[in-house]
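Here are some notes to read with the model open beside you. Take them one at a time and find each residue as you go.

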Amino acid sequence: MTINEIQDEIIEEFSGFDDWMDKYQLLIDLGNEQEPLEEKYKTEQNLIDGCQSRVWLVADLVEGGKWNVEGKVIHFKAESDALIVKGIVSLLIRVLSDHTPQEILDADLYFIEEIGLKEHLSPTRSNGLLAMVKQMRVYALAFSTKQ
């Protein structure tokens, strides 16, 4: 699946809810479904700067990945100590993980606006969301220069 196909899928899932309390619950559920990050990765080095809650993000350059893409793709893993933030990072992982560094760098993450996420987050959570996206792009840039 392409990044845009995954984003469209997420938009579709969220469009089934009119009430933002239901959308928050969906975010919490998505976060709870995510595999926990191994303790060895919960280090200062993997913490994302700019997030009010603690968010750890790990990226590995792997061959092929989930979508059986030819070449190297980035596989992301993350966790947060805040339920809604854990859901947000799980959405970002769902969209960006297992794509090439260039695809990640070129991605227009329109789903954030489309599902109304940005306007329904507090300013500090909004900054945290931007910090997560920025860190994922930093990894993509670093891996693209290595290739």
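The points below start with one helix, move out to the core and the empty spaces, and end with a few single residues.

1. Before anything else, keep in mind that this is a predicted model. Every distance and area below was computed from that model.

2. Start with helix α3, which runs over residues 83-96. It has 14 residues and reaches 20 Å from its first C-alpha to its last, close to the 20 Å expected at 1.5 Å a residue. Is this helix enclosed or not? Twelve of the 14 residues of α3 are buried, so the rest of the structure largely encloses it. Among the buried ones are Ile-84, Val-85, Ile-88, Leu-92 and Leu-96. Don't expect just greasy side chains in that list, though: Lys-86 and Ser-90 are buried as well.

3. Now for the core. The largest nonpolar core has 45 residues, and those with the most contacts inside it are Phe-76, Leu-92, Leu-96, Leu-109, Phe-111, Leu-117 and Met-132. At least two residues of this core come from each of α1 (3-15), α2 (20-33), β1 (55-63), β2 (72-80), α3, α5 and α6. Which element supplies the largest share? That is α3, with nine residues.

4. Leu-109 is a handy place to click if you want to see some of this packing. Leaving aside its neighbours within four places in sequence, Leu-109 is in contact with Gln-7, Leu-92, Val-95, Leu-96, Val-133 and Arg-137. Of these partners, Leu-92, Val-95 and Leu-96 are among the buried residues of α3, and Val-133 is a buried residue of α6.

5. Helix α6 deserves a look of its own. At 1.5 Å a residue, its 24 residues should span 34 Å, and its end C-alpha atoms are 35 Å apart, which agrees. Its buried residues include Gly-128, Leu-129, Met-132, Met-136 and Phe-143. What do the buried residues of α6 pack against? Their partners are β1, β2, α3, α4 and α5.

6. Ser-126 is one residue of α6 to check. At 12% relative accessibility, Ser-126 counts as buried, the cut-off being under 20%. Not counting residues up to four places away in sequence, Ser-126 touches Lys-118 and Leu-121.

7. Next, empty space. Rolling a probe the size of a water molecule over the atoms shows where empty space is left. Here the count comes to one cavity of 30 Å³ or more, and the largest cavity has a volume of about 60 Å³. Its lining includes Cys-51, Val-85, Ile-88, Gly-128 and Met-132. Both α3 and α6 give two or more residues to that lining, and α6 gives the most, with five residues.

8. There is a pocket to find too. The largest pocket holds about 500 Å³ of space. It is lined by 23 residues, and Gln-34, Glu-35, Phe-76, Ser-90 and Ile-93 lie nearest its centre. The elements giving two or more residues to this lining are α1, α2, β2 and α3.

9. Look just past the end of α3. Ser-97 sits in the loop between α3 and α4 (101-106), and it is buried, with a relative accessible area of 5%. A polar atom of the Ser-97 side chain lies 2.9 Å from the backbone nitrogen of Phe-76.

10. Asp-98 is in that loop between α3 and α4 too. What stands out about its backbone? Most residues other than glycine have a negative phi. Asp-98, however, has a positive phi of about 70° although it is not a glycine. Asp-98 is also buried, with a relative accessible area of 7%.

11. Two last residues give you some distances to try. Asp-60, in strand β1, is partly exposed, with a relative accessible area of 32%. Asp-60 and Phe-143 are 83 residues apart along the chain, but their C-alpha atoms are separated by 8.9 Å. Asp-60 touches Phe-143, and also Val-73, Ile-74, His-75 and Lys-77, not counting residues up to four places away in sequence. Then find Glu-119, in the loop between α5 (111-114) and α6 (123-146). Glu-119 is exposed, with a relative accessible area of 62%. The C-alpha atoms of Glu-119 and Ile-74, 45 residues apart along the chain, are separated by 29 Å.

Methods
Residues numbered from 1 in each chain as written. Predicted model: local features only at pLDDT ≥ 70, side-chain atom pairs only at ≥ 80, totals over all residues. Heavy atoms only, no water. Helix = DSSP H or I, 4+ residues; strand = E, 2+ residues; numbered from the N terminus. Expected span 1.5 Å × (residues − 1). Buried < 20%, exposed > 50% of the residue type's maximum accessible area, 1.4 Å probe, protein only. Polar contact = N/O pair within 3.5 Å; in protein donor to acceptor, adjacent residues only side chain to side chain. Core = buried A, V, L, I, M, F, W, Y, C linked by side-chain atoms within 4.5 Å. Contact = heavy atoms within 4.5 Å. 1 Å grid on protein atoms, 1.4 Å probe; cavity = no way out; pocket = protein on both sides within 12 Å on 5 of 7 lines; lining within 4 Å. Points joined across faces, edges and corners; volume = space filled by probe spheres on them.
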